[in-house]
Amino acid sequence: SNIPAELGQGLERLGQTLKSQVPAQEGGWGTWTPPGGPPGPRPPEEADVVVVGGGVVGWSVAYWLKALEGRRHGMKVLVVERDPTYSQASTVLSVGGIRQQFSLPENIRMSRFSASFLRNINEYLGVPGEPPIDIQYQPSGYLFLASQEGAAGLEAAVRLQREEGAQVALLSPTQLKEKFPWMETEDVAVASYGLEDEGWFDPWTLLGAFKRKAMSLGVHSCSGEVRGLITSVEDTTPAWARSQLPPRIRYVHVHMPDSLEYQRVSCAIVVNAAGAWAGKLLEVTDVPEELRRPPLPIEPRKRYVFSWHCPDGPVFTCPFLIDTTGAYFRPDGITGNYLGGMSPPEVSQGGRPLPYYPISISPTPSLPLQEEEPAPDDLSVDHEYFQERVWPVLARRVPVFNALQPRGSWAGYYDHNTFDQNGVLGPHPKLENLFVAAGFSGHGLQHAPAAGRALAELVVKGRYESLDLDRLSCRRLVEGEPLVEKGVV
């Protein structure tokens with residue numbers, strides 16, 4: 001008999017059997033994955049900065065922390081993302097717009113920074129040896145339409161935008177009709193049209209570019225959900241000394257996906273970039289009640305995006321259009337496809353819908369309430385909303401849309417700031433090592449490059465250097481003074 005051959009075959013079978021029984025490890029030998037085990041890399045036991053949320057804002061913060069630090073093996077940054085497929089992530093479910101037309105100086109400045117960043121994206125996020133980044137930017141501008149009631153507010157916003165250096169034109173109804181002959185303009189009093197640094201791009205590409213660059217700089221990532229923030233000091237600290245120490249987060253508990261396990265990660269700084277769920281982060285166990293005040297007024301709001309086809313519709317001459325009603329649409333490619341939708345209208349205390357840009361752009365004593373808000377429990381789509389609410393508005397504004405053919409739809413989340421529909425950026429008022437970057441109410445994607453850099457400056461430098469965004473801090477929540485952004489689509 002051929003003993004060496006039989007021995008070799010037996011050893012090979014033994015090797016395969018052992019390989020199938022040994023738990024898989026990165027760079028290791030085994031292939032078996034224990035049931036209930038966490039997919040992806042486990043969190044480390046310690047990190048200098050834990051960023052909660054791996055959307056575009058979280059990865060922007062992580063990238064800028066390493067870019068500003070300038071040392072590859074310096075600060076240890078960990079990004080924790082509970083949805084690694086991004087199936088519910090606000091970033092990739094958005095329509096990808098960027099505009100200069102806001103009603104607050106801070107938002108205009110962030111847009112101008114972000115527009116410059118996107119123009120030069122390969123200088124920031126290019127990774128040696130990888131293909132150049134193409135975010136598929138379409139510089140077709142935004143067009144805001146205002147009725148007579150909203151005209152004064154829109155004109156005031158444009159004056160501010162011009163003071164901040166944005167190139168925005170005001171168009172009369174006659175000029176509007178000449179520029180866009182396919183549009184019905186009878187009820188329009190004035191329109192504002194962005195002439196540069198406005199349009200749309202691919203959100204997924206931007207998110208991926210931030211993530212790849214950050215990881216190339218040494219940022220760590222893991223799948224999991226932060227459900228615990230431990231603020232007590234080590235048991236070795238004498239009881240009398242604990243009351244003298246300012247409250248700080250000492251550990252975060254990262255719960256593994258599809259598992260009962262969690263990893264305790266010690267950290268020096270935590271960044272709350274959890275998007276629509278940022279308001280719930282402090283509602284976890286182990287955070288004393290007094291440290292949760294004031295609560296972070298950020299909650300998920302479900303928004304629908306619909307797609308349709310209209311072969312005779314405007315394509316090459318079509319901007320990102322926001323109607324007097326708040327309905328919006330933009331082309332999707334050059335073959336007659338479109339994306340659009342409409343948020344439920346803001347209503348006054350008397351129940352009357354507000355114009356898109358209210359005549360007074362100072363905060364009202366009682367902020368408007370939302371009506372017709374869909375439940376944010378899941379990402380199902382109410383298709384009747386398009387048939388009954390969105391399509392009629394679009395068809396009145398663009399008559400050829402009477403013949404459009406619906407193609408599909410999806411839903412995504414706005415991280416809606418119920419206090420003033422504006423981002424919250426900076427240190428938490430009670431926990432000195434917790435920073436917040438959330439609540440952008442639909443404009444987080446376009447402001448992520450600027451907001452990420454600003455927050456990283458606070459962490460690394462201790463102050464803002466590129467943009468002064470101090471008014472976006474949590475202080476306004478403590479003082480009860482809204483900083484209202486009127487240009488929320």
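Accessible areas here come from the Shrake-Rupley method with a 1.4 Å probe. On that footing, the protein chain of this predicted model has an accessible surface of about 22,300 Å², and 52% of that surface belongs to carbon and sulfur atoms. The chain runs to 489 residues, and 53% of them count as buried. Its secondary structure adds up to 11 helices and 20 strands. Turning to contacts between residues at least 6 apart in sequence, 75% of them join residues at least 24 apart.

Helix packing comes next. Two packed helices are described by the angle between their axes and the distance between the axes. Helix α2, which covers residues 56-69, turns up in two of the pairs described here. One partner is helix α10, residues 444-460: the two pack at an angle of about 40 degrees, and their axes lie 7 Å apart. Angles under 35 degrees would count as roughly parallel, and 65 to 115 as roughly perpendicular, so α2 and α10 end up oblique to each other. Their crossing is right-handed. On the α2 side, the contact is made by Val56, Val57, Ser60, Val61, Trp64, Leu65 and Leu68. From α10 come Gly444, Leu445, Ala448, Pro449, Gly452, Arg453, Leu455, Ala456, Glu457, Val459 and Val460. Sorted by type, the residues of this contact split into 13 nonpolar, 3 polar and 2 charged.

The other partner of α2 is helix α7, residues 203-216, and here the angle is about 30 degrees, with the axes 9 Å apart. That angle falls under the 35 degrees cut-off, so α2 and α7 are roughly parallel to each other. This crossing is left-handed. Val56, Trp59, Ser60 and Tyr63 of α2 meet a set of α7 residues made up of Leu206, Leu207, Phe210, Lys211, Lys213, Ala214 and Met215. Of the residues in this contact, 8 are nonpolar, 1 is polar and 2 are charged. Val56 and Ser60 of α2 take part in the contact with α10 and also in the one with α7.

Helix α10 also packs against helix α3, residues 105-119, at an angle of about 100 degrees and with the axes 7 Å apart. Since 65 to 115 degrees is the range for roughly perpendicular, α3 and α10 are described as roughly perpendicular to each other. Asn107, Met110, Ser111, Phe113, Ser114 and Phe117 supply the α3 side of the contact, while Gln446, His447, Pro449, Ala450, Ala451 and Arg453 supply the α10 side. The tally for this pair is 6 nonpolar, 5 polar and 1 charged. Pro449 and Arg453 of α10 show up here as well as in the contact with α2.

Some individual residues help to show how stretches far along the chain come together. Leu160 sits in helix α5, residues 151-163. With a relative accessible area of 17%, Leu160 is under the 20% cut-off and so is buried. Leaving aside neighbours within four places in sequence, Leu160 is in contact with Ser103, Leu104, Pro105 and Ile108. The C-alpha atoms of Leu160 and Gln101 are separated by 9.3 Å, although these residues are 59 apart along the chain.

Thr231 offers another example, this one from the loop between β9 (225-230) and α8 (239-242). Its relative accessibility is 13%, so Thr231 counts as buried too. Beyond neighbours within four places in sequence, Thr231 touches Arg248, Ile249, Arg250, Asp286, Pro288, Leu291 and Leu431. One of these, Leu291, is 60 residues away in sequence but 9.7 Å away in space, C-alpha to C-alpha.

A few backbone details round things off. Gln136, in the loop between α4 (121-125) and β4 (142-146), has a positive phi of about 55 degrees although it is not a glycine. Ser441, also not a glycine, has a positive phi of about 55 degrees as well, and is found in the loop between β20 (434-438) and α10. Gln136 counts as partly exposed at 47% relative accessibility, whereas Ser441 is buried, at 1%. Finally, the peptide bond from Arg293 to Pro294 is cis, with omega near -5 degrees. Pro294 lies in the loop between β11 (262-272) and β12 (298-309).

Conventions. Residues numbered from 1 in each chain as written. Predicted model: local features only at pLDDT ≥ 70, side-chain atom pairs only at ≥ 80, totals over all residues. Heavy atoms only, no water. Helix = DSSP H or I, 4+ residues; strand = E, 2+ residues; numbered from the N terminus. Buried < 20%, exposed > 50% of the residue type's maximum accessible area, 1.4 Å probe, protein only. Contact = heavy atoms within 4.5 Å. Axes fitted to C-alpha atoms, helices over the stretch in contact; angles between N-to-C directions. Parallel < 35°, antiparallel > 145°, perpendicular 65-115°, else oblique. Left-handed = near helix turned anticlockwise from the far one by under 90°. Nonpolar A, V, L, I, M, F, W, Y, C, P; charged D, E, K, R; others polar.
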